[in-house]
Amino acid sequence: MRTITGLDELRRAEGDVLGTSDWYEVTQEDIDTFADVTGDHQWIHVDVERARQTPFGGTIAHGYYTLSLAPRFAEQIMRLDGFAFGLNYGLNKVRFPAPLPVGQKVRMTARLAKLDDIPGGAQITFENTFEVEGGEKPVCVAESVARVYTG
């Protein structure tokens, strides 16, 4: 895990790959719970028997489920110290270039793509790339934006 302390060190990290998370196995139970919470019960995610008949050979994770793993993975990748607080600010761009089959492992690599000064702190743009173990293409590429404040 990379620890970045303070605004000056954060500025110096602009452009850096901050690290890669551990692998995380996606289970059908996780997908079913996500479907219940979001109300998205599209059969390709939750109907195991029907999904076996597709080119994917089984159920696949919701794209937004994959994206929702970002905070879990970010905590493994980096820690920001020396700030009063930070918060999510939004997303600039999200793509799901390949499916994430249930039962596979996924991980995320984060790069600090851009840093902008804002009153009282900084706005950070991260490029988060999610990959499935043994996959040829990323399952998600997301440009997320966070803000940190110094006081």
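Here are some notes on the fold, the helices, the aromatic pairs and two buried polar residues of this predicted model.

1. **Overall layout.** Let's start with the inventory: the protein has 6 helices and 8 strands. Going along the sequence, the order is β-α-β-β-α-α-α-α-α-β-β-β-β-β. If you want a feel for the dimensions, the C-alpha trace spans about 55 × 30 × 20 Å along its principal axes.

2. **Inside, outside and contacts.** Of the 151 residues in the protein, 39% are buried. The accessible surface comes to about 8300 Å², and carbon and sulfur atoms account for 47% of that. Among contacts with a separation of 6 or more, 70% are between residues 24 or more positions apart.

3. **Charges.** Counting side chains, there are 15 positive and 22 negative ones. The centres of the two sets lie 5 Å apart.

4. **Helix H2, the two sides.** H2 covers residues 28–38, and its buried residues are Gln28, Ile31, Phe34 and Ala35. These cover an arc of only 125° around the axis, so they sit on the same side of H2. Turn to the face pointing away from that buried side and you find the exposed residues Glu29, Asp36 and Val37.

5. **Helix H2, its partners.** What do the buried residues of H2 pack against? Their partners are helix H3 (43–46), helix H4 (48–51) and H5. Just after H2 comes Gly39, which has a positive phi of about 80°.

6. **Phe34 and Tyr65.** The structure holds 5 aromatic pairs. In one of them, Phe34 with Tyr65, the ring centres are 5.6 Å apart and the planes stand at 80°, so this pair is edge-to-face. The cut-off behind that label is an angle over 60 degrees. Phe34 belongs to H2 and Tyr65 to helix H5 (residues 63–68), so the pair ties together parts 31 residues apart in sequence. Both rings sit on residues that count as buried: Phe34 has 17% relative accessibility, and Tyr65 has 6%. For Phe34, keep in mind that buried means under 20%.

7. **Phe73 and Phe130.** This is another aromatic pair, and a tilted one, with 6.2 Å centre to centre and 50° between the planes. Phe73 comes from helix H6 and Phe130 from strand E7 (residues 121–132), so the pair ties together parts 57 residues apart in sequence. Are these two buried or exposed? Phe73 is buried at 0% relative accessibility, and Phe130 is likewise buried at 0%. Tyr24 joins in as well: ring pairs link Tyr24, Phe73 and Phe130 into a cluster.

8. **Helix H6.** Phe73 also turns up in the buried set of H6 (residues 70–77), together with Ala70 and Ile77. Looking down the axis of H6, the buried residues fall within an arc of 70°, so they line one face of the helix.

9. **Thr66.** Thr66 is found in helix H5, and at 2% relative accessibility it counts as buried. Leaving out residues up to four places away in sequence, Thr66 touches Ala61, Leu100, Phe130, Val139 and Cys140. Notice Phe130 in that list, the residue that also pairs with Phe73. As for Thr125, its C-alpha is 19 Å from that of Thr66, and the two are 59 residues apart in sequence.

10. **Asn128.** Which strand holds Asn128? Asn128 is in strand E7, and with a relative accessible area of 6% it is buried. Not counting neighbours within four places in sequence, Asn128 contacts Met108, Thr109, Ala110, Cys140, Val141, Ala142 and Ser144. Cys140 is one of these, and Cys140 is also among the residues that Thr66 touches. Finally, Val139 is 11 residues from Asn128 along the chain, with 11 Å between their C-alpha atoms.

Technical notes: Residues numbered from 1 in each chain as written. Heavy atoms only, no water. Buried < 20%, exposed > 50% of the residue type's maximum accessible area, 1.4 Å probe, protein only. Helix = DSSP H or I, 4+ residues; strand = E, 2+ residues; numbered from the N terminus. Arc of directions from axis to C-beta. Contact = heavy atoms within 4.5 Å. Areas by Shrake-Rupley, 256 points an atom, 1.4 Å probe, with all protein chains shown as cover. Lys, Arg positive; Asp, Glu negative; His and termini not counted. Charge placed at Lys NZ, Arg CZ, Asp CG, Glu CD. Phe/Tyr/Trp six-rings, centres within 6.5 Å; stacked < 30°, edge-to-face > 60°.
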